[in-house]
Amino acid sequence: MKKRVSALLLLALLTGTVACSALAEPSSDTTPATEGTGTPEPQPVSSADAETAPAESEDPYYFRDKVSETVLRNYLSRAVTVSSENGEMNPNNTAMYEFILHTGAKYIARANTEWSPSASNAESRPVQKAFIDKVHEKDPDVVFEACIFECISKKVNDIPIPACVFEAFGKTPEERNFSFDKMKFRDGRFKDQWGTDTTVPDVTQEETQMFFYCRACEFIDAGFEGFHMGQVELMGQLDTKHQSYTKLLTMIRAYAKEHARRGFVFFNAHTPGIMGSDGVLLLDFHGYPSPLVANRSEGAHRPTEDFPQGVEFRRGATYSIIGKSLGGMTYSGWECDSLPYLIELDNNGVDMAHLNEPTSMLWGMDQITWFANQPASYRRSFLRYALEWIGSQPDGCG
C-alpha cells in the first residue's frame, strides 16, 4: 500500500518554507516518512470538531476569520504538494487518504489543479467534498487548496453563470454562459498561449472576475480553504494599481467569511509580493519554485543509484524568492518585514530534446519530475540538504 501511495502521488513533497521548514518524503515499505529528514514525528491529530476547536493558545492550528503569523507558519511547516487533477480526491482513494494522515500534513497544496476549466469540472465537486469531509473526520485541522490558474480555453463558453454571481456583481441575473472572448486581453496578447483556443485571462475584465469568483465560491462550498492563484502578475499586466485583484479577493474573502468552514481562506500565488490598492498585502503567503540549478560539471547522463542527477540551491537562480518576499500589513492584521513563503518543487513540463542534460530546467525536466526520477537515497539526502540550505538563509529558519 505504501508503495502505491508514492506512485500515485508522484512522490509528493512536503515543501520547505521560510516558516521553520519541514521537509519529508512519502514513506516506502522500508523507509519511514521521517527518516533522515530532520522532521518531527507527526503529532496526534485532534478529533474535535472545527466549530468547537480550542483557542489558538491551545491549538497550533486554530484559526477563525483570520490567521495569526504563528499559526500560518505552523501550517506552512507541514505543507505537502499533491497536484491532484484526475479524480484522486475520491473517498474511495485510500492511498491518498492514508498518505495525508500518515505524514501529518496540514496544508494540502494543489489538491485541485484543474488547469483549463470546463463544465464537467463541477460534476467532481460532490466527490471532492466527500473526500475532504472524510479527512476532516480524522483531522479537522487539514486545509485543502484549490488552484485558479492563468489558463482559460473556449471550454468556458459551456459553463453557465449562476444567478448568485450576477447578483454579487450588482447585475440582474440572465441565462447565459461565460464568454471566452470577454476574458481575453483586448490587444490580443497571449493568444493561443497554452495551445489552440487558449489564452491568459485578463483580470481587469469583469467577466474574468466573475469567472474566478464563481470558481472560488464553488471550491469553498466543497470544503476548500486555500487558493493558489498561479501567475497573478501575468493575468494582472493591465491591473497597474491592483484594483481588480483587490476587488476580486475582497469579494471571495467576504464569501468565505459566511460560507467557509472557519470563515477564512488562505491565498497565495507565484509572486514575490503584491500590494493591494487598499495598502494591504494581497496574499496571505507567497509561493515560489525552488531556486535550483543542475550540476553542469557532471555532463549528460541518466539518473542511477550510484550517479544521481545532482542539483544545488542558488540564491541567484532563475526562480528565487530568497530575500525578495514583500512585507507589509496582512489581511489578518499583523505586519511583517517579509511575508512567509512556501518553496515548492514546481511543474512546468519536460524538454524532451534535452532530457538528462544539465540544463536550466534541471536535467531537461521540471522540478517535480526531476525529483521523482532520482533514486530514493538521493531524494532523502536532497531533502536534508534543502532543509539545511533554506534554514541558513537570512529570512529562513532551520
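**Entry 1: Phe-63 and Tyr-75**

I looked up the burial of two aromatic residues in this predicted model. Phe-63 is buried, and Tyr-75 is buried as well. I then asked how their rings are arranged, and found an edge-to-face aromatic pair, with 5.8 Å centre to centre and 70° between the planes. I also noted where each partner sits. Phe-63 belongs to the loop between strand 1 (16-17) and helix 2 (69-76), while Tyr-75 is in helix 2 itself. The two residues are 12 apart, and their pair links distant parts of the chain.

**Entry 2: The ring cluster**

I next followed the aromatic pairs further. The structure holds 27 of them. Ring pairs join Phe-63 and Tyr-75 with Tyr-61, Tyr-107, Phe-264, Phe-266, Phe-285 and Tyr-331 in a cluster.

**Entry 3: Tyr-107**

From that cluster I selected Tyr-107, which lies in strand 3 (residues 107-112). Is Tyr-107 buried or exposed? Its relative accessibility is 0%, and therefore I record Tyr-107 as buried. I then checked its position relative to Tyr-75: the C-alpha atoms of the two residues are 5.8 Å apart, although 32 residues separate them along the chain.

Which residues does Tyr-107 contact, leaving aside its neighbours within four places in sequence? I listed Tyr-75, Arg-78, Ala-79, Val-80, Val-143, Glu-145, Gly-226, Phe-227, Phe-266, Asn-268 and Phe-285.

**Entry 4: Helix 7 and helix 9**

I turned to a pair of helices. Two packed helices are described by the angle between their axes and the distance between the axes. For helix 7 (residues 206-221) and helix 9 (residues 243-259), I noted an angle of about 25° and axes 10 Å apart. Angles under 35 degrees count as roughly parallel, and helix 7 and helix 9 are therefore roughly parallel to each other. The crossing of helix 7 past helix 9 is right-handed.

I then listed the residues that meet. Helix 7 contributes Glu-206, Gln-209, Phe-212, Tyr-213, Ala-216, Cys-217, Ile-220 and Asp-221. Helix 9 contributes Ser-244, Lys-247, Leu-248, Met-251, Ile-252, Tyr-255, Ala-256 and His-259. By character, the residues of this contact comprise 10 nonpolar, three polar and three charged.

**Entry 5: The whole protein**

Finally, I looked up totals for the protein. Its secondary structure comprises 11 helices and 14 strands. Of its 398 residues, 56% are buried. Among contacts with a separation of 6 or more, 70% are between residues 24 or more positions apart.

Terms used. Residues are numbered from 1 along each chain as its sequence is written. This is a predicted model: local features need pLDDT of at least 70, side-chain atom pairs count only at pLDDT 80 or more; totals for chains, interfaces and linings use all residues. Side-chain values use heavy atoms; hydrogens and water are left out. Axes are lines fitted to C-alpha atoms, for helices over the stretch in contact, and angles run from 0 to 180 degrees between N-to-C directions. Helices (H or I, at least four residues) and strands (E, at least two) are DSSP runs, numbered from the N terminus. Angles under 35 degrees count as roughly parallel, over 145 as roughly antiparallel, 65 to 115 as roughly perpendicular and the rest as oblique. A crossing is left-handed if the near helix is turned anticlockwise from the far one by less than a right angle, and right-handed if clockwise. Contact means heavy atoms within 4.5 Å. Ala, Val, Leu, Ile, Met, Phe, Trp, Tyr, Cys and Pro count as nonpolar, Asp, Glu, Lys and Arg as charged, and the others, Gly among them, as polar. Rings of Phe, Tyr and Trp (its six-membered ring) pair if their centres lie within 6.5 Å; planes under 30 degrees apart count as stacked, over 60 as edge-to-face and the rest as tilted. Buried means under 20% relative accessible area, exposed over 50%, partly exposed in between (1.4 Å probe, protein chains only).
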